[in-house]
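Take a look at the molecule below and turn it around a few times. Then read on for a short tour of it.

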Amino acid sequence: MAAMDTETKVLDVRFRSQCRKTELCAFFESGWCSKAEQCEFAHGAAELSTVPNLKKTSLCKKWMQFQCRRVVCPFAHGAQEL
């Protein structure tokens, strides 16, 4: 597998931080999570965060190539939709 470029790593970190603790940890639910406080998933309902609305926050790659055929696309079709 090829190494991620710097821009991809930055976007991955940003996405992960926005979605942190939005789902319950399956390992914690089964009795043990090795990541403890560093776990990106919630350890119980009290830790759950709201899932952010990320619709129309980035340009549609298919649209930029004149290939998006979606009637309702979650990605922006032009700067005016961002």
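## Two unusual backbone angles

Let's begin with Phe 66, which is exposed because its relative accessible area is 74%. Keep in mind as you look that this is a predicted model. You'll find Phe 66 in the segment that follows helix H3, a helix running over residues 61-64. The backbone does something unusual here: Phe 66 isn't a glycine, yet its phi is positive, at about 60°.

Lys 21 also has a positive phi of about 60° without being a glycine. Its home is the loop between helix H1 (6-18) and helix H2 (26-29). Is Lys 21 buried or exposed? Lys 21 counts as buried, because its relative accessibility is 14% and the cut-off for buried is under 20%.

## The overall layout

Now zoom out. The protein has 3 helices and 0 strands, so if you read along the sequence you get the pattern α-α-α.

How much of the protein is buried? Of its 82 residues, 17% are buried. On the outside, the protein exposes about 7100 Å², and carbon and sulfur atoms supply 58% of that area. As for how the chain meets itself, take the contacts between residues at least 6 apart in sequence: 26% of these join residues at least 24 apart.

## A nonpolar patch

Which residues make a nonpolar surface patch of about 370 Å²? They are Leu 59, Trp 63, Met 64 and Leu 82. One of these residues, Met 64, sits in helix H3. Met 64 counts as partly exposed, because its relative accessibility is 44%.

## Cysteines without bonds

Next, the cysteines. A disulfide is a covalent bond between the sulfur atoms of two cysteines. How many disulfides does the count give here? The count comes to 0 disulfides. Cys 25, for instance, is in no disulfide, and the nearest cysteine sulfur, which belongs to Cys 33, is 3.8 Å away. Cys 25 is buried, with a relative accessibility of 2%.

Why is Cys 60 not bonded to the closest cysteine sulfur, in Cys 68? The two sulfurs are 3.8 Å apart, and that is too far for a bond, because a disulfide needs its sulfur atoms within 2.5 Å. Cys 60 counts as buried too, at 3% relative accessibility.

## Two buried loop residues

His 43 belongs to the loop between H2 and H3. With a relative accessible area of 16%, His 43 is buried. What does His 43 touch, if you don't count residues up to four places away in sequence? The answer is Cys 25, Phe 28, Cys 33 and Ala 36. So Cys 25 and Cys 33, the pair whose sulfurs are 3.8 Å apart without a disulfide, both touch His 43.

Thr 22 is in the loop between H1 and H2, and it counts as buried at 16% relative accessibility. A polar atom of the Thr 22 side chain lies 2.8 Å from the backbone oxygen of Cys 19. Set aside the neighbours within four places in sequence, and Thr 22 is in contact with Leu 48, Ser 49, Thr 50, Val 51 and Pro 52.

## Charges that pair up

Side chains of opposite charge can pair when their charged atoms come close. The count here comes to 2 salt bridges. One is made by the side chains of Glu 47 and Lys 21, at 3.2 Å from N to O. This pair links distant parts of the chain, 26 residues apart: Glu 47 is in the loop between H2 and H3, while Lys 21 is in the loop between H1 and H2. Glu 47 is partly exposed, at 33% relative accessibility, whereas Lys 21, the residue with the positive phi, is buried at 14%.

There is also a salt bridge between Lys 56 and Glu 81, with the closest N and O atoms 3.1 Å apart. Again distant parts of the chain are linked: Lys 56 is in the loop between H2 and H3, Glu 81 is in the segment after H3, and the two are 25 residues apart. Lys 56 counts as partly exposed, with 28% relative accessibility, and Glu 81 is partly exposed as well, with a relative accessible area of 32%.

Conventions
Residues numbered from 1 in each chain as written. Predicted model: local features only at pLDDT ≥ 70, side-chain atom pairs only at ≥ 80, totals over all residues. Heavy atoms only, no water. Helix = DSSP H or I, 4+ residues; strand = E, 2+ residues; numbered from the N terminus. Buried < 20%, exposed > 50% of the residue type's maximum accessible area, 1.4 Å probe, protein only. Contact = heavy atoms within 4.5 Å. Areas by Shrake-Rupley, 256 points an atom, 1.4 Å probe, with all protein chains shown as cover. Patch = residues over 30% accessible without salt bridge, like charges linked within 9 Å, V, L, I, M, F, W, Y side chains within 5 Å. Salt bridge = Lys/Arg side-chain N within 4 Å of Asp/Glu carboxyl O. Polar contact = N/O pair within 3.5 Å; in protein donor to acceptor, adjacent residues only side chain to side chain.
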